[in-house]
Every structure is written in C-alpha cells, then in structure tokens.
Amino acid sequence: MLYSGAFRKSINKVVKPRRFYGLPASAISLGTDPRKDRTVQLTPLRGVNIIHDPLLSKGTAFSIAERERLSIRGLVPPRCQEMDKQLLRIKRNLDALDTPLAKFVFLTALQDRNETLFYKLLITHLEELASIIYTPTVGQACLLSHSIYRRSRGMYFSSQDRGAMSAMVHNWPHDEVDVIVVTDGSRVLGLGDLGANGMQIPIGKLSLYVAAGGIRPRSVLPVVLDVGTNNESLLHDPLYLGMGHPRLDGEEYYSFVDEWVTAIQSRWPNALIQFEDFKYPHAYNLLNKYQNKVTCFNDDIQSTSAITLAGLLASLKARGRSQDSLAEERIICVGAGSAGVGVCEGIIDAMVSQGKVRSREEAYSRIWMLDQYGLLGNPSIGTNTSSSSTTNGVEKRTLDERQQCYVKSDLPDRLNLEEVVERVKPTAILGLTGVPGVFTEKAIRTMAKYQEKPIVFPLSNPDTRAECTAEQAFKWTEGRAIFASGSPFPDVLLPNGKLGRTNQCNNSYSFPGLGLGITVSRATRVTPRMFLETAKTIADMATPAQLKEGILFPGVKHLREVAKTVGTRVCEVAYEDGVATAVLKEGELLSEVVQSSMFVPEYVPIVHVPHIH
C-alpha cells in the first residue's frame, strides 16, 4: 500500500488538458482520444535529421518500414532492437561507470540523442537515478558545467540580448511550451553564485517534471538569465561560458527580468514559469511582482515550503499527535534567506488555516529564526543593533519586513544556536543555510534531552552542504530522531541493531505534481492553497506502519504516483479557487484525466509528411 490517506474523488468530471490544444502538426494523434499517447508521429524531417533529433530518434529501434520511408536505411545498424534490449545495453554501460559525475555525463549524452529512451530508463530506475540527474550530483555538475559542456540545451538570455528577447523566443523550435524553469544562477543549491553554470538546475528539474510529473519532453523549456556573476573564480576561468562581468543589480536587473517575462508571455502566455535558485531578496521581489500577473511560482520559497510542511505534518503523526496540533510545536529555523523565510511562511499559513491560533502574529511566536549572526532577537537587550553599518568591529544586520516578523522581542539578539535550543527546548529544528555543520552536537543533544522524538531536518543541498549528516543526527539523539534531509542519506544502523530511517524532504515530491495539476487544469494563477493542499496530500501518503518506523514519505521510486495524486488535488483546488480554464465535461473522474494526460515514454511509428508546419 503506497498511502493511507483517502483518495479524493469529489470532482467526477473530465478535464481536457491544455497540452492537447493547438498541438503542432508534428505531434498529431490519429484515430485516438487526444488525451491518450500518440499513435503516429508526423514530421517533415528525413534522413540523418531524424537520427540526430533526440525527440524523434529511436536509435536501433526503427522498424524496416520506418527506415525505408524516412530514408535512414543503411544509416543505422541492420538489426532492429526493441527498447528492452536498448535499456539492457544502456544500464550495463551505466553500471560500469565509477563516479556519480561520470554517470551524470553519460545520462546527459543519452538525453541528447534519445529522449524517449532516457525517460524510459529514468522512470524504470527512478530511485537509483534521481540522485544522479538531480541532487546531490547535479551540484557537482553545476560547479563543473563549463568543463563538461557538450551540447546546448534550453535557452540563454544574457545582458547582451537587451531589446532582442521578444525576437529570441521565436528561435525555440516548439510552439507548445507548458513548463519553463528559469534561474539566474545567483544561489544555486547551497553552492552560491554559479552564474550560467546554473543551467544544470532547470535541466534537472524539468527531467523530473517529465519523469515524475508526466509533462511531455517537447513541452518543457530550461532557461538561464545570464546577468553576470560575482564568482571571481568563474570570471577568471577561460572556459566559463557565461557573461564575464559582475552581476547586474537594482533597476537594471529588474528591467532585464521584466523584458524576459514579457517576451515569454508574448509567445507562450499560458506557460507555467517556475523561478529557481534566485538569491534573497530578488526571489521574493520577483515573486511578489509577477505572481498575480502570470502563472508562476518560486520553487525555493513555495515548493520547499510545501514539502517541509508535509514532513512536519507527517512527523506529528509519527509521534502520535494530530496534524491539527502544529501550532503547539516549537520550531527553530536556521537560515533566514528566501528558502528559510519561505518555509516558515508556509508553516505559518498552515497554523492559521487550522484555526488553533488567534492571529498570524501568534503563529509567528511559535518559530525562532536564526541567520548567520544568530537569533533574530531584540537588539535592545542584546549586544548589537540591526543597522547596516558596523560598530566596534561587529558587523550589523539589516532585516526586511518579512524577517522582522520573526524577531523575538523577549530574547537577546544574536543568541547562538546552542543558547536558543537551551532556552526554547524546540520540538523541531530546520536547516536552510547551505553551511555544513551548523547543527552542532551540543545543540542536537540538548534538544534530544527534552524531546523523546526530536525532529531534525537538515534541508540544504547537496549533501555536502547539509547542516548535519544522518549518522550524526541519530548518534546525537541516541537513535530517536525523526530525520529528513534535502539530499538523500542512507539509513543508519543503530547500536541496538535497528535502522534509523532517513527521509528525503526534497522538492521532487512537490513540484512535479504541482506542475501537472496546473497544466491539466490550465490554471491562470498559482494560488497559496495549492501549496497548502500539496503538503497535506503528501503528509497523508505514509502508512501507519511506515510512520511508526520513522518513514514520512513514499520512496523516491513512487514519485510518479505522488505526482498523480498531488496533481489531482491541485486540479481540484484550481477549480475551487476559480483559476482553472480547462473545459469540463461529465462522465470521468478527474484522477483518471490526470493519469491519462501523463507522458509515457514509448516509441510510436513515425511518418514523413513533407509540408507540415
């Protein structure tokens, strides 16, 4: 049994998914329900152009008839091998590689020549390969992206393209784009400013959108906004492929992004835009500017918030408590950037929605937030003030209005983590800093002294940036921790012979389903309730037996089922919130429509048609 929560069937209607409106002639279904997999692929291409197109190529699997009509007879080995044989060859070669980065490069090459086979392999071995195509390996790939570059994927919009973006978007070969993931590379995972090297993140995210969320490969677009970089090592590296100047900032930066959004809207007005790895406060400023104008969300702020909230709600159940008791928790969040504030705002939203707090201000009192200087406390009873200058050699901080909500007037400013843990006696500690080792042994041991099952969530990616390791968390809590991390850690063998169960509290559980639901419902906006309901849906998926063992989520191999369930609920919310525009008809469960709209990587016959557009 994958999940124990009741599966929602409240909308017994059919939705015609957006992706099946206005399909280019090269992707027409002949004689089938338009929501089912295509049975014939039409294309104007022939010869080597077919073989070299990753969306059309079948490698060795072209039939004799196809080889004849597509003019590729003799251009591929004579023996036709079906996909199962191809998978055997690919997996054998993949397993022979020694390092995760080597496997990443190998899989990238496969995706560049045969996307159908790539996604079939990825879905078949999702639990094994998710950590290769995304965290933690994608972090290393970003660091070395300029060195391992082989073939372009996605689009780059740079500072030299000002005034040309509206024309540039028409260089993309596909008229139908459902999901765009865009980054400016300013805060890549926990690795900081990587400039144009950040392109690996949108590529990896969209691979999961396809494999888990069922979005069609030809309907996704990875984008980098190359506004420069402040990373000196990249600026002085002759192989770096991005713009070699410091980052644009201020009005120049925001007008650049505005030109890009306008260009995207001019060609793909219905596409979902996912902002990814933008530094604070740009991440919040861009979200606030566009969230009520276009279909968009910020993954680090909102999707991270949804999966972290899901982890906390599931943790309550694992401790024998009701999910409605969230407001009774005492939560420390280490990290006050876009991810930290975003996660906490989602928790606040949940507390308010449960009706167990009298006001939002009361909900804020349940969270203690720290930045690199320590607790956001009261400067008048601390040692320093929150100004932007320095006094007596001590650097001072400036807090914006979002961070100000978490300031504790009754505690001294800049208390360190160990002092805060001793005073607060938290039930949960969240790490969103990108700084390894922030969770100290003393802090976690002190927490465990007061809590039977302390909730320890070091959420920074990749695993080398986690605030503590799984082994440390279980050792310091005598095996009693409820543990979840952003990147995967193996289960830990405890001294008593039992396993300390680890969980991956990663956005890969939330954003594919969100994107699927938004796409199928053709939502014009992404609403706050979509994230709240995503969290509740995921929190209900672990069985009582799994929760008893400390397992909070289904395994990564179930990401596709998770996306379908989340996507169905997000569709419902889109209609409930009045933002869905897809046509409804009687007679079919919404869950069945979501299921039928999901891309399945299978080869279909290809027919050459000379003059299609």
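# Exercises on Pockets, Rings and Backbone

Pro136 is placed in the loop between helix 6 (126–133) and helix 7 (137–143); helices (H or I, at least four residues) and strands (E, at least two) are DSSP runs numbered from the N terminus. The model is predicted, so local features need pLDDT of at least 70 and side-chain atom pairs count only at pLDDT 80 or more, while totals for chains, interfaces and linings use all residues. Residues are numbered from 1 along each chain as its sequence is written, and side-chain values use heavy atoms, with hydrogens and water left out.

**Exercise 1.** Determine which peptide bond before Pro136 is cis, and locate Pro462.

*Solution.* Step 1: the bond from Thr135 to Pro136 is cis, with omega near 5 degrees. Step 2: Asn461 and Pro462 are also joined by a cis peptide bond, with omega about -10 degrees. Step 3: Pro462 lies in the loop between strand 16 (455–458) and helix 20 (470–476).

**Exercise 2.** Describe the backbone and surroundings of Leu189 and Arg414.

*Solution.* Step 1: phi of Leu189 is near 50 degrees, a positive value in a residue other than glycine. Leu189 belongs to the loop between strand 4 (179–183) and helix 10. Its relative accessible area is 8%, and Leu189 is therefore buried (buried means under 20% relative accessible area, exposed over 50%, partly exposed in between, with a 1.4 Å probe and protein chains only).

Step 2: Arg414, also not a glycine, has a positive phi near 70 degrees. Arg414 is in the loop between strand 14 (408–412) and helix 18, and is buried at 14% relative accessible area.

Step 3: the charged end of Arg414 sits over the ring of Tyr373, 4.7 Å from its centre (NZ of Lys or CZ of Arg must be within 6 Å of the ring centre and within 35 degrees of the ring normal).

**Exercise 3.** State how many aromatic pairs the structure holds, and analyse the one formed by Tyr119 and Phe599.

*Solution.* Step 1: a search of the whole structure gives 13 aromatic pairs. Step 2: Tyr119 and Phe599 form an edge-to-face pair, 6.3 Å centre to centre with 85 degrees between the planes (rings of Phe, Tyr and Trp, the last by its six-membered ring, pair if their centres lie within 6.5 Å; planes under 30 degrees apart count as stacked, over 60 as edge-to-face and the rest as tilted). Step 3: the partners are 480 residues apart, with Tyr119 in helix 5 (residues 115–124) and Phe599 in the loop between helix 25 (590–597) and strand 22 (606–608). Step 4: Tyr119 is buried at 2%, and Phe599 is buried at 13%. Step 5: ring pairs link Phe118, Tyr119 and Phe599 into a cluster.

**Exercise 4.** Characterise the largest pocket by its space, its lining and its location.

*Solution.* Step 1: the space in this pocket is about 1,100 Å³. A pocket is an open set of points, on a 1 Å grid over the protein atoms alone, where a 1.4 Å probe fits, with protein on both sides within 12 Å along at least five of seven lines; lining residues have an atom within 4 Å of a point. Grid points are joined across faces, edges and corners, and a volume is the space filled by probe spheres set on the points.

Step 2: 49 residues line the largest pocket, and Gly335, Gly337, Leu432, Thr433 and Gly434 lie nearest its centre. Step 3: helix 14 gives the most to this lining, with five residues.

Step 4: domain 1 (153–294) and domain 2 (303–379 + 399–505) both contribute lining residues, so the largest pocket lies between them; the domain bounds come from an automatic or database domain assignment.
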